[in-house]
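This report describes a single protein chain, moving from selected loop and helix residues to the fold as a whole. The sequence and the model are shown first.

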Amino acid sequence: LSVMDAAAEGASRDALVTGERVLSYGDLADLVARAVGSLAALRLPPGSRVALTAHGTLPVLVATAALIELGVPFVPLHPRLTAPEVSVIVADAAPAIVLADAAVEALFVGPPTIVPRSPRPSDPLAILYTSGTTGRPKGAVLPRSAFVASARASAANLGVEEHDRWLLAMPLAHAGGLSIWTRQI
């Protein structure tokens, strides 16, 4: 689960297609390194969480990849949640910061930075919240190993070809949407 590792293995390979723009793993790694630098400059205390609105946009995908590189668990907020619904989740998750859309885009202004990472497979990668149909939404803490296992199972079941494309049609606040993204990195 590392854009930097994927870029080291094949920087010129296609990593992401957004509209008419095709980013290589090298291009994506540069954007992620800038976001890593901006996030590292925030000096988040160990164990911090970051919440962000989980659109499937390039800035949000890069921000989540940067958080994964840093080993900082994130709380993806469904883009259709109302302000009161977001408040309930933010109060429960207690993130160190909440990145709104403008704050996510501001992550790309700094110089590229590589921060040594040491996340373990059991470390939390994301906290996904239920819809709350039986009461208050509940956070499911998903470790890195769950996403690695999902990617491996998908590869074993479907195979992996260099020119495969995955359509990200779900928000990253859904395990299915986040799994599509993490399979690529």
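Leaving aside its neighbours within four places in sequence, which residues is Ser 48 in contact with? In this predicted model, the contacts of Ser 48 outside that window are Val 72, Pro 73 and Ala 96. Ser 48 belongs to the loop that joins helix H2 (25–41) to strand S3 (50–53). Its relative accessibility is 12%, so Ser 48 counts as buried. The side chain of Ser 48 also reaches the backbone oxygen of Pro 45, at 2.5 Å.

**Overall architecture**

The chain contains seven helices and seven strands. Read from the N terminus, the order of these elements is α-β-β-α-β-α-β-α-β-α-β-β-α-α. The radius of gyration is 16 Å, which agrees with the value near 16 Å that a compact globule of 185 residues would have. The C-alpha trace spans about 45 × 40 × 35 Å along its principal axes.

Of the 185 residues, 39% count as buried. Among contacts with a separation of 6 or more, 65% are between residues 24 or more positions apart. The chain exposes about 9700 Å², and carbon and sulfur atoms supply 56% of that area.

**Helix H7 and its cover**

Helix H7 comprises residues 175–184 and is mostly covered, with seven of its 10 residues buried. These buried residues are Gly 177, Leu 178, Ser 179, Ile 180, Trp 181, Thr 182 and Gln 184. The elements that cover them include strand S1 (14–18), H2, H3, strand S4 (74–77), strand S6 (124–129) and helix H6 (144–158).

A contact with Trp 181 is made by Thr 64, a residue of helix H3 (residues 58–70). The side chains of Thr 64 and Trp 181 form a polar contact at 3.0 Å. Not counting residues up to four places away in sequence, Thr 64 also touches Leu 52, Phe 74 and Leu 172. Thr 64 has a relative accessible area of 1% and is therefore buried.

**Aromatic rings**

How many aromatic pairs does the structure hold? The number is zero. One ring nevertheless has a charged group over it: the charged end of Arg 183 sits over the ring of Trp 166, 4.5 Å from its centre.

**Burial of selected residues**

The table gathers the relative accessibility of several residues together with the class assigned to each.

| Residue | Relative accessibility | Class |
|---|---|---|
| Ser 48 | 12% | buried |
| Val 104 | 2% | buried |
| Arg 13 | 30% | partly exposed |
| Arg 43 | 73% | exposed |
| Ala 94 | 55% | exposed |

Val 104 lies in helix H5 (residues 101–105). Beyond the residues up to four places away in sequence, Val 104 touches Leu 52, Pro 59, Val 60, Ala 63 and Leu 99. Leu 52 is also touched by Thr 64. Val 104 and Thr 182 are 78 residues apart along the chain, and their C-alpha atoms are separated by 19 Å.

Arg 13 is located in the loop between helix H1 (3–10) and S1. Why does Arg 13 count as partly exposed? The reason is its relative accessibility of 30%, since the partly exposed class lies between the 20% limit for buried and the 50% limit for exposed. Leaving aside neighbours within four places in sequence, Arg 13 is in contact with Ala 6, Leu 23, Ser 24, Tyr 25 and Glu 162. The C-alpha atoms of Arg 13 and Gly 26 are 8.0 Å apart in space, with a sequence separation of 13 residues.

**Residues with positive phi**

Most residues other than glycine have a negative phi. Arg 43, although not a glycine, has a positive phi of about 50°. Arg 43 is placed in the loop between H2 and S3. With 73% relative accessibility, Arg 43 counts as exposed.

Ala 94 is likewise not a glycine and has a positive phi of about 50°. The position of Ala 94 is the loop between helix H4 (83–93) and strand S5 (97–99). Ala 94 counts as exposed because its relative accessibility is 55%, and exposed means over 50%.

Notes:
Residues are numbered from 1 along each chain as its sequence is written. This is a predicted model: local features need pLDDT of at least 70, side-chain atom pairs count only at pLDDT 80 or more; totals for chains, interfaces and linings use all residues. Side-chain values use heavy atoms; hydrogens and water are left out. Rings of Phe, Tyr and Trp (its six-membered ring) pair if their centres lie within 6.5 Å; planes under 30 degrees apart count as stacked, over 60 as edge-to-face and the rest as tilted. A charge sits over a ring if NZ of Lys or CZ of Arg is within 6 Å of the ring centre and within 35 degrees of the ring normal. Helices (H or I, at least four residues) and strands (E, at least two) are DSSP runs, numbered from the N terminus. Buried means under 20% relative accessible area, exposed over 50%, partly exposed in between (1.4 Å probe, protein chains only). A polar contact is a pair of N or O atoms within 3.5 Å; within protein, one must be able to donate a hydrogen and the other to accept it, and residues adjacent in sequence count only if both atoms are side-chain atoms. Contact means heavy atoms within 4.5 Å. The radius of gyration is taken over C-alpha atoms; the globule rule is 2.2 Å times the number of residues to the power 0.38. Accessible areas come from the Shrake-Rupley method with a 1.4 Å probe; for residues, only the protein chains shown count as cover.
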